[in-house]
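Visitor: Please take me in for a close look at one residue and its surroundings. After that, I would like to see how the helices around it, and a few other spots in the chain, are arranged.

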Amino acid sequence: MSAVDTERREALEAAGAGRGAADVEGETGAESSGVVKRRYVRRMFSEIAPTYDLLNRLLSFNIDGRWRRRAIDVLGWERRPRGRYLDACAGTLDMSIELARRAGFAGTVIAADFAEAMLRAGGAKVRAAAVRPVVADALQLPLGDASVDGAMVAFGVRNFADIDAGLRELSRVLKPGARLVVLDCSAPPSAAVRGVYQVYFRRLLPLVGRMVSGHRTAYRYLPESVAHFPPAPALAACMEQAGLSDVRYERLTFGVTAVHWGERPAGGGARA
Ligand SMILES: C[S@@+](CC[C@H](N)C(=O)[O-])C[C@H]1O[C@@H](n2cnc3c(N)ncnc32)[C@H](O)[C@@H]1O
């Protein structure tokens, strides 16, 4: 098998993993799909970091800023404007910056990502001392239980080696009453929109992505990872299963993305 075939196989395997994949090596020494996914995702984002922002604007027709603004709108930070907020999978810091520059915000944003190159690529954009980048895995956050006033993940949950474990970990760090906001790609509910979207997502996007980033598999992984991601109602159920209450969601731009949010109830925890 050629190196290109191997890379492609690894990207497809990574895209398919994420539900209930144990992040450990088995007794036989064989790597679990979770381990393969974590390694692939971290390396891939480290490699595409220099062109990530440009491609985001290009491939979303510059709508991504609007999606992020809507996600910050539902975070509920106004209830605790001096609070401590987590931006998990912070990447090049767009969500963190969007929150930090909201009028009236006087708190801090911990911007956590396991790909240091992504945080560094975003570093130049941060003027606000309120944003604190931290190299950390969202599945093992270096934060105490009930230690943040709100958390958000934009286009990150889909990349988790284990989505359910990731949502439980995010829920763990929320204070009672604090909110988790998840913004991610989604399957449009209309078959007609889905058809057009599939052509764009599976044909044009990988082509442009590869031309601009020079990366062979990243923009192939993207549509595959979305295809394996739970649809909006199922993701809402996963959030409830992770211990969040009052979970709601809103589809954005014909449902190509969705923003979900839910609160950690007082004394609540993940369901067994
Ligand atoms: C598609 S980018 C999104 C970045 C940013 N949130 C945004 O809105 O542009 C996904 C990011 O999630 C990070 N990521 C994926 N899985 C992670 C994990 N388990 N822990 C920490 N970061 C993770 C990747 O390194 C990458 O920077």
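Guide: Let's start at Val208, which lies in helix 7. Helices here are DSSP runs of H or I with at least four residues, strands are E runs of at least two, and both are numbered from the N terminus. Residue numbers count from 1 along each chain as its sequence is written. Keep in mind that this is a predicted model, in which local features need pLDDT of at least 70 and side-chain atom pairs count only at pLDDT 80 or more, while totals for chains, interfaces and linings use all residues.

Val208 is partly exposed because 15 other C-beta atoms lie within 10 Å. For that scale, 20 or more other C-beta atoms within 10 Å make a residue buried, 12 or fewer make it exposed, and partly exposed is in between, with the C-beta atoms placed from the backbone. Setting aside neighbours within four places in sequence, Val208 is in contact with Leu58 and Leu59; contact means that the C-beta atoms, placed from the backbone, lie within 7 Å. Leu58 is 150 residues from Val208 in sequence, yet their C-alpha atoms are 9.0 Å apart in space.

That partner takes us to helix 2, which covers residues 33-59. A straight helix of 27 residues would span 39 Å at 1.5 Å a residue, but helix 2 spans only 28 Å between its end C-alpha atoms. (The expected span is 1.5 Å times one less than the number of residues.) Look along helix 2 and you will find a kink of about 75° at Ala49, shortly before the proline Pro50. The bend is the angle between axes fitted to the seven residues ending at a position and the seven starting there. Ala49 is also one of the buried residues of helix 2, a list that includes Tyr40, Val41, Met44, Phe45, Ile48, Tyr52 and Leu55. After helix 2 comes Phe61, with a positive phi near 55°.

Elsewhere in helix 2 sits Val36. With 17 other C-beta atoms within 10 Å, Val36 is partly exposed. Its C-alpha atom is 8.2 Å from that of Ala161, although the two residues are 125 apart in sequence.

Back in helix 7, there is a helix partner to see as well. Helix 7 (residues 191-213) packs with helix 8 (residues 218-227) at an angle of about 150°, their axes 7 Å apart. The axes are lines fitted to C-alpha atoms, for helices over the stretch in contact, and the angles run from 0 to 180 degrees between N-to-C directions. The two helices are therefore roughly antiparallel to each other; that label is for angles over 145 degrees, with under 35 roughly parallel, 65 to 115 roughly perpendicular and the rest oblique. Helix 7 passes helix 8 in a right-handed crossing, meaning that the near helix is turned clockwise from the far one by less than a right angle, whereas anticlockwise would be left-handed. On the helix 7 side the contact includes Phe201, Leu205, Pro206 and Gly209, and on the helix 8 side Ala218, Tyr219 and Leu222 are among the residues taking part.

For a second pair, turn to helix 6 (residues 163-173) and helix 9 (residues 232-241), whose axes come within 9 Å and cross at roughly 50°. Helix 6 and helix 9 are therefore oblique to each other, and their crossing is right-handed. Ile163, Asp164 and Leu167 of helix 6 meet Cys238, Met239 and Gln241 of helix 9.

Now for the loops. Trp77 sits between helix 3 (64-73) and strand 1 (84-88), and it is buried, with 24 other C-beta atoms within 10 Å. Beyond residues up to four places away in sequence, Trp77 touches Gly83, Tyr85, Leu99, Phe105 and Gly150. The C-alpha atom of Trp77 is 8.9 Å from that of Ala178, 101 residues away along the chain.

Leu93 is in the loop between strand 1 and helix 4 (94-100). Leu93 is not a glycine, yet its phi is positive, near 75°, and with 25 C-beta neighbours inside 10 Å it counts as buried.

Stepping back, the chain has 9 helices and 7 strands, and 45% of its 272 residues are buried. Among contacts with a separation of 6 or more, 68% link residues 24 or more positions apart.

Definitions and conventions: Contact = placed C-beta atoms within 7 Å.
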